[in-house]
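Biologist: Please take one part of this model and go through it closely. I would like to know what surrounds that part and how far the prediction can be trusted.

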Amino acid sequence: MAAPFVPARFQAPLPQSHFIVEEAPNEEALPMDVLIVGGGPAGLACAIRLKQLCASDPALGDLEIGVLEKAPDLGGHCLSGAVMNPVALKSLFPDLPESELPLRTRVDSEAVYLLTGSGQFKIPTPPTMANHGNYVVSLCEVVQWLGSQAEALGINLFPGYPAESLLVQGTAVVGARTVPVGLDRSGVPTDNYTPPTDVTARVTVLAEGTRGPLAQAYCQWQGLTSTNPQIFALGVKELWEVKAAPKQVIHTLGWPLPTDAFGGSWLYPMADNLVSLGLVVGLDYRQQQLDVHNMLQHLKRHPLIAPILEGGQLVEWGAKTIPEGGWHSLPTRLHGEGLLMAGDTVGMVNVPALKGIHLAMQAGIFAAETIAAALKQDDTTAAALSSYDTRVKESFIGQDMYATRNMRLAFKDGFYLGGFQAVLMTLTKGGFPGGTIAMHADADASRREGAPCSALPEGGMSKLDAVFYSGNQTRDDIPSHLIVGQDIPGEVADFYAAMCPAGVYERQGDALVVNAPNCIDCKATDVLGPRWTPREGGSGPSYKRM
């Protein structure tokens, strides 16, 4: 029997010096007025809003705005359920009718079920999960559409250019450096080598998405803390073409999760013959062998789900982490000298409502408006950018996150106690229990042996096959981008192998073997094990409709 262990003991430290580089940009640096790291909802909303402000305010001039995105195509690394509140999208494009926005199906009916291994019980929909008037969307399609709007406005889009580090002078951020291309497995340049590019900017916006490494390093460098550490969940998702999609949005709780883990599943109709199916599990789970990918394969055989998928065909597969710490895990400030941070990279997610896209987009809009005001005054100091924090926290972003500030944290002691406390929090609009529920980082949770539904069921899709359905485009001879801790024992190697949905880790004897090209950038490894660093542009998954 494997002894309990704490993952943090075997995790390498964050390589701050890798991400924060204090040196002058090179002579061939590309100058921008504003640089946005991350071409997701927050980053593109920021870029678009800035260009709109340029058009309406001649005092701003025609700003040069650049967006660095690590995926080869915009949206290629974006994954979410997703049911989206369209409020920020409509705010950004007030003159467009809904029919021209990237919205798939309107939610008019929904159901929540508590599952057992062989059945289900329909339960009342919690108020936080009410979705009437929201829309099922493909996040890939939303981002692709935003990208087309940005391109039409003359914004400089750089897909396939991941940012490897922030360039700083003193305490000011002055731009970013991209990842070099064409290194072999040993880090030696090949015939296809392209050196990194320095991009300078008066203001840099970090909108990297979940578990952004530059934001992590910046917060560590600047000593930015939070009341609680950020915590995460891992979501594994499949897209299916089916004979007939259900007419309602479905969420489930309970099986196949153990009762001391937080999470649940979703099944969303994306079209008459297309459904999104996924399972989310908090990464503070306690069992060493818990395997979210394999649990999803079990879920597909449940009597509630199997009839919907029968006769259907898998189209795409993917996985992503989700920041779940909520209000108490936001950094003490979201700005600095020449820098703002927005969206999932700082944890702007309302977990009980299962919503974050509109929060990220609204934060991007606020960042743009803050930057515009600062540039007009030719002042990009931290003081000049500090109003961004106030706008975020006084808007529906802060209001929604504050009202649900302890709900996710209540489940750290189990499903049933957490559910009871969540009801009281809902009734008191967040007043119960008062104060803050303290939470540890996911890597600090002790792991014990055992987990239900950890083995792949007969006929279930393997992780290797799943990676194929992600469209993974990583070169086999690329340098490893994963930083592994020292002296990893066999039971920890097994833990990594179960945790990773893409088969990156395996145990051979008592040794850990790392298959880095399999990685789909879900970032679960960065939360609980080997550190993730940006790799050559175009690597990783290539999602089309996720």
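**Helix α14 and its surroundings**

Modeller: The buried residues of helix α14 are Gly490, Val492, Ala493, Phe495, Tyr496, Ala498 and Met499. This is a predicted model, and the burial is computed from it. Seven of the ten residues of α14 (residues 490-499) are buried, so the rest of the structure largely encloses the helix.

As for what surrounds it, the buried residues of α14 pack against two helices, α13 (463-469) and α15 (524-528), and three strands, β17 (232-241), β25 (505-508) and β26 (511-514).

One of these neighbours leads on to a pocket. Strand β17 covers residues 232-241, and Phe232 is among the residues closest to the centre of the second largest pocket, together with Arg211, Gln216, Pro229 and Gln230. That pocket holds about 670 Å³ of space, and 29 residues line it. By type, the lining divides into 14 nonpolar, ten polar and five charged residues. Helix α5 (residues 213-222) supplies the largest share of the lining, with four residues.

On trust, the chain averages a pLDDT of 96, and 100% of its residues score at least 70. Confidence is lowest in helix α12 (residues 415-427), where the mean is 82. At the other end, strand β23 (residues 339-341) has the highest value, 99. Predicted coordinates should not be read in detail where pLDDT is low.

Notes:
Residues numbered from 1 in each chain as written. Predicted model: local features only at pLDDT ≥ 70, side-chain atom pairs only at ≥ 80, totals over all residues. Heavy atoms only, no water. 1 Å grid on protein atoms, 1.4 Å probe; cavity = no way out; pocket = protein on both sides within 12 Å on 5 of 7 lines; lining within 4 Å. Points joined across faces, edges and corners; volume = space filled by probe spheres on them. Nonpolar A, V, L, I, M, F, W, Y, C, P; charged D, E, K, R; others polar. Buried < 20%, exposed > 50% of the residue type's maximum accessible area, 1.4 Å probe, protein only. Contact = heavy atoms within 4.5 Å. pLDDT = per-residue confidence, 0-100.
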